[in-house]
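Trainee: Could you help me take a close look at the interior of this one? I would like to start with the whole chain and then go down to single residues.

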Amino acid sequence: MIAVSAASGAFGRLVVDHLLARCPAEEVVVAVRAPDRVADLAARGVQVRRGDYDVPDTLRTAFENADRLLLISSPELDSARRIRQHQGAIEAARAVGVGAVVYTSFLDADTQAEGITEAHHATERALRASGLPHTLLRHPFYSEAFLNSGLHAAVASGALDDATGARGINTASRADLAEAAARVLTEEGHLGRAYDFTGTSWTYPQLAQVLTRVSGTPVLHRVRDSLTTGAQGWLEAQVRGGVLERQTDDLHRVLGHPPTTLDRAVADILARPAPSSDAAEQA
């Protein structure tokens, strides 16, 4: 039996979709804080159990009889709380005899104990100390943080601007990372491994070229001197500092095929309707 924690999120649902293509529904358990949010999965034959990271006793029940557990990292932003949540999940898994844990970590969590990797670093250490057989899936940033419906605006205006200094970006799509997780959960030979996942590197000048090619409309790349505001500006700063240039072939090897290309990602986005102006104002 395979259990997936935090399965009601976008990534968790994609993992479940891939699992259902690879094994019977009755062999899949989802542990979620609010079971009513995944009634559609129950209708597909998946076992739905309450599993709340903040209530460890629910995790023991949720993880019972699991041969393998996908421990999807908590969305909690406070590192101290996130570490407690993960440690509680690991303790619950050990208490009920889970056979092996697959954890969604983050790139460089093995060497960096501060910042965005702080909780992941602590969780990796907790897994090692637990004695549970485990596999680490170190994710990059999701491609969707950069490649999303906002690309329609670039095509409409004929310009794509950024402040990343044309540095490389090693993001991977949720779909590719979810497929990789499902493969690790259902295949042999992955226990004891730590995978550093990256997608195919791309840059904003390349993105402008792809937008032009796919849309049939010229899109000019423009260099912006200042960072944009908010979370997107922070991401731009990371790229400009070269933080996202690391490359490995781990994702390609686990998938058994190349990760989604920039051309494919852009084509899929532009094939979907552009968000309405009302929706954009509400976002």
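**From the surface to the core**

Mentor: Happy to! The chain exposes about 13000 Å², and carbon and sulfur atoms supply 50% of that area. Please keep in mind that this is a predicted model.

Let's set the scene before going inside. The chain has twelve helices and nine strands. Its C-alpha atoms fill a box of roughly 60 × 40 × 35 Å along the principal axes. A compact globule of 283 residues would have a radius of gyration near 19 Å, and the chain has 20 Å, so the two agree. Of the 283 residues, 48% count as buried. Among contacts with a separation of 6 or more, 76% join residues 24 or more positions apart. As for charge, there are 28 positive and 35 negative side chains, and the centres of these two sets lie 2 Å apart.

Now the interior itself. In soluble globular proteins, nonpolar side chains tend to be buried together. Here, the largest nonpolar core has 31 residues, and the members that touch the most other members are Val-15, Leu-19, Leu-70 and Phe-197. Two or more residues of this core come from each of β1 (2–5), α1 (10–20), β2 (28–32), α7 and α10 (250–255). Helix α7 gives the largest share, seven residues. Take Val-15 as your way in: leaving aside residues up to four places away in sequence, Val-15 touches Val-4, Leu-70, Ala-178, Ala-181, Ala-182 and Leu-185. A second, separate core has 24 residues, including Ala-154, Leu-207, Ala-208 and Ile-269.

Phe-63 deserves a stop of its own. You will find Phe-63 in helix α3, which spans residues 56–63. Phe-63 has a relative accessible area of 0%; buried means under 20%, so Phe-63 is buried. What surrounds Phe-63? Not counting residues up to four places away in sequence, Phe-63 touches Ser-5, Ala-31, Arg-49, Leu-69, Ala-89, Ala-92, Ala-93, Val-96 and Val-98. Another residue to look for from here is Ala-95: Phe-63 and Ala-95 are 32 residues apart in sequence, and their C-alpha atoms are 9.5 Å apart in space.

Next, a pair of loops that meet. Thr-203 sits in the loop between β8 (194–196) and α8 (204–215). Is Thr-203 buried or exposed? Its relative accessibility is 15%, under the 20% limit, so Thr-203 counts as buried. Beyond residues up to four places away in sequence, Thr-203 touches Ala-166, Arg-167 and Gly-168. That leads us to Ala-166, which lies in the loop between β7 (159–162) and α7 (174–186). Ala-166 has a relative accessible area of 42%; partly exposed runs from 20% to 50%, so this residue is partly exposed. Its backbone is worth a look as well: although Ala-166 is not a glycine, its phi is positive, about 60°.

Asp-108 gives you a further case of a positive phi in a residue other than glycine, with a value near 75°. The loop that holds Asp-108 runs between β5 (100–106) and α5 (118–130). Follow this loop into helix α5 and you come to Glu-118. A relative accessible area of 32% makes Glu-118 partly exposed. Glu-118 touches Ser-79, Ile-83 and Ala-113, again without counting residues up to four places away in sequence. If you also pick out Ala-194, you will find that Glu-118 and Ala-194 are 76 residues apart in sequence and 17 Å apart in space, C-alpha to C-alpha.

One last stop is Gln-232, in helix α9, which covers residues 230–240. Gln-232 counts as partly exposed, at 30% relative accessibility. What does Gln-232 touch? Not counting residues up to four places away in sequence, its contacts are Ala-145 and Phe-146. The C-alpha atoms of Gln-232 and Ala-145 are 8.1 Å apart, while the two residues stand 87 apart in sequence.

To see the interior for yourself, start at Val-15 in the core, then go on to buried Phe-63.

Technical notes. Residues are numbered from 1 along each chain as its sequence is written. This is a predicted model: local features need pLDDT of at least 70, side-chain atom pairs count only at pLDDT 80 or more; totals for chains, interfaces and linings use all residues. Side-chain values use heavy atoms; hydrogens and water are left out. Helices (H or I, at least four residues) and strands (E, at least two) are DSSP runs, numbered from the N terminus. The radius of gyration is taken over C-alpha atoms; the globule rule is 2.2 Å times the number of residues to the power 0.38. Buried means under 20% relative accessible area, exposed over 50%, partly exposed in between (1.4 Å probe, protein chains only). Contact means heavy atoms within 4.5 Å. Accessible areas come from the Shrake-Rupley method with a 1.4 Å probe; for residues, only the protein chains shown count as cover. Lys and Arg count as positive and Asp and Glu as negative; His and the chain ends are not counted. The place of a charge is taken as NZ of Lys, CZ of Arg, CG of Asp or CD of Glu. A nonpolar core is a set of buried Ala, Val, Leu, Ile, Met, Phe, Trp, Tyr and Cys residues joined through side-chain atoms within 4.5 Å.
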